[in-house]
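User: Please take a close look at the site around the ligand in this model. Then go over the salt bridges as well.

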Amino acid sequence: MALKSDAAHWGTLAKLFHWTIVLLLLVQGTLGLVMVELPKKPSVIAWFTLHKSLGLTILLLALLRLGWRLFDRRPQEPASMPRWQAIGARVGHALLYALLFAVPLSGWLFDSATALRPLVWWGVVPMPSLTGGAAPAIKEIAQETHEWLFWTLVLVAAGHAAAALVHHFVDRDDVLRRMLPGGRRGGAA
Ligand code: HEM
Ligand code: HEM
């Protein structure tokens with residue numbers, strides 16, 4: 001187990017960030033879609049509060065992940081991979097990183113604009129308002145942006161996951177295996 005990535009493998013920390021964030025996004029996306037359909041009773045507030053804290057946690061993890069990524073390196077693409085594919089993958093990854101920030105930030109912006117309740121991360125850490133108080137003018141656009149960015153993330157992530165499966169089952173290379181927990185290591189580590 002090596003914490004850092006090398007020329008042939010993703011390190012433990014990169015894998016941990018990748019799969020923790022995937023798992024939390026699945027929970028968070030489902031929670032978001034379900035909670036907005038619930039009858040508007042006081043009991044739904046707890047779900048919204050959970051959604052906000054979990055969303056801010058994903059934002060924090062994205063920040064830590066990007067920080068680590070700037071310090072870490074990434075394994076090389078397989079030599080057999082055409083250049084257009086390597087470029088496509090890089091663009092896709094950059095887009096995924098951008099969305100990992102944009103989705104929670106737009107949710108936070110919407111929450112700030114409504115200024116319904118103070119935003120307190122897991123009920124412990126008071127978070128600042130991004131709008132400095134209620135901002136009715138941007139409320140609706142922030143809400144729509146949050147929803148729209150979420151569906152963009154779903155789309156890009158689906159394409160990304162499909163590409164990973166093509167690598168594994170069609171190209172039969174190491175690209176998916178080396179991102180999996182406990183994936184084959186050794187060689188040039
Ligand atoms: C990566 C993190 C996040 C994901 C994937 C996510 C996803 C979603 C989804 C799918 C919805 C339902 C959209 C709809 O169908 O109307 C939603 C709604 C919402 N999200 Fe997030 N969200 C995230 C982070 C946040 C954060 C950090 C906040 C606030 C601090 C937040 C606040 C809200 C609110 C208030 C709603 C309800 C909007 C409404 O009333 O229509 N979200 N989110
Ligand atoms: C919401 C879901 C996902 C997000 C946001 C996401 C995000 C990312 C990002 C940003 C990278 C680039 C890592 C870097 O260069 O630092 C990456 C790599 C990777 N992801 Fe995902 N991912 C998601 C889901 C998945 C799924 C479901 C699979 C598998 C089916 C997968 C397989 C991979 C693989 C194999 C790599 C390494 C690619 C390479 O070596 O170039 N990802 N992911």
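Analyst: The ligand site comes first, and the charged pairs follow.

This is a predicted model. Start with the shell around ligand 1. It counts 23 residues, and Gln 28, His 51, Gln 143, His 146 and Phe 150 come nearest. Three of the contacts are polar and involve side chains named here.

His 51 places a side-chain N or O atom 2.8 Å from a nitrogen atom of ligand 1. His 146 does likewise: an N or O atom of its side chain is 2.8 Å from a nitrogen atom of the ligand. Gln 143 addresses an oxygen atom of ligand 1 instead, with a polar side-chain atom at 2.5 Å.

Which elements give two or more residues to the shell around ligand 1? They are helix H1 (12-35), helix H2 (45-71), helix H3 (83-114) and helix H4 (136-171). By class, the shell has 13 nonpolar residues, eight polar ones and two charged ones. The space that ligand 1 takes is the second largest pocket.

Now the salt bridges. The structure holds four of them. In general, side chains of opposite charge can pair when their charged atoms come close.

Take Glu 77 first. Its side chain meets that of Arg 74 in a salt bridge, at 3.7 Å from N to O. Glu 77 also forms a salt bridge with Arg 90, where the closest N and O atoms are 3.0 Å apart. Glu 77 lies in the loop between H2 and H3, while Arg 90 lies in helix H3, so this pair ties together parts that are 13 residues apart in sequence.

How buried or exposed are these partners? Arg 74 has 13% relative accessibility, so it counts as buried, the cut-off being under 20%. Glu 77 is partly exposed, with a relative accessible area of 21%. Arg 90 also counts as partly exposed, at 42% relative accessibility.

Another pair is Arg 177 with Asp 174. Their closest N and O atoms are 2.8 Å apart, and the two form a salt bridge. Arg 177 counts as partly exposed at 31% relative accessibility. Asp 174 is partly exposed too, with a relative accessible area of 23%. Turning back to the earlier trio, salt bridges that share partners join Arg 74, Glu 77 and Arg 90 into one network.

Note on methods:
Residues numbered from 1 in each chain as written. Chains lettered and ligands numbered in written order. Predicted model: local features only at pLDDT ≥ 70, side-chain atom pairs only at ≥ 80, totals over all residues. Heavy atoms only, no water. Near = heavy atom within 4 Å. Polar contact = N/O pair within 3.5 Å; in protein donor to acceptor, adjacent residues only side chain to side chain. 1 Å grid on protein atoms, 1.4 Å probe; cavity = no way out; pocket = protein on both sides within 12 Å on 5 of 7 lines; lining within 4 Å. Sits in = over half its atoms within 2 Å of the grid points. Helix = DSSP H or I, 4+ residues; strand = E, 2+ residues; numbered from the N terminus. Nonpolar A, V, L, I, M, F, W, Y, C, P; charged D, E, K, R; others polar. Salt bridge = Lys/Arg side-chain N within 4 Å of Asp/Glu carboxyl O. Buried < 20%, exposed > 50% of the residue type's maximum accessible area, 1.4 Å probe, protein only.
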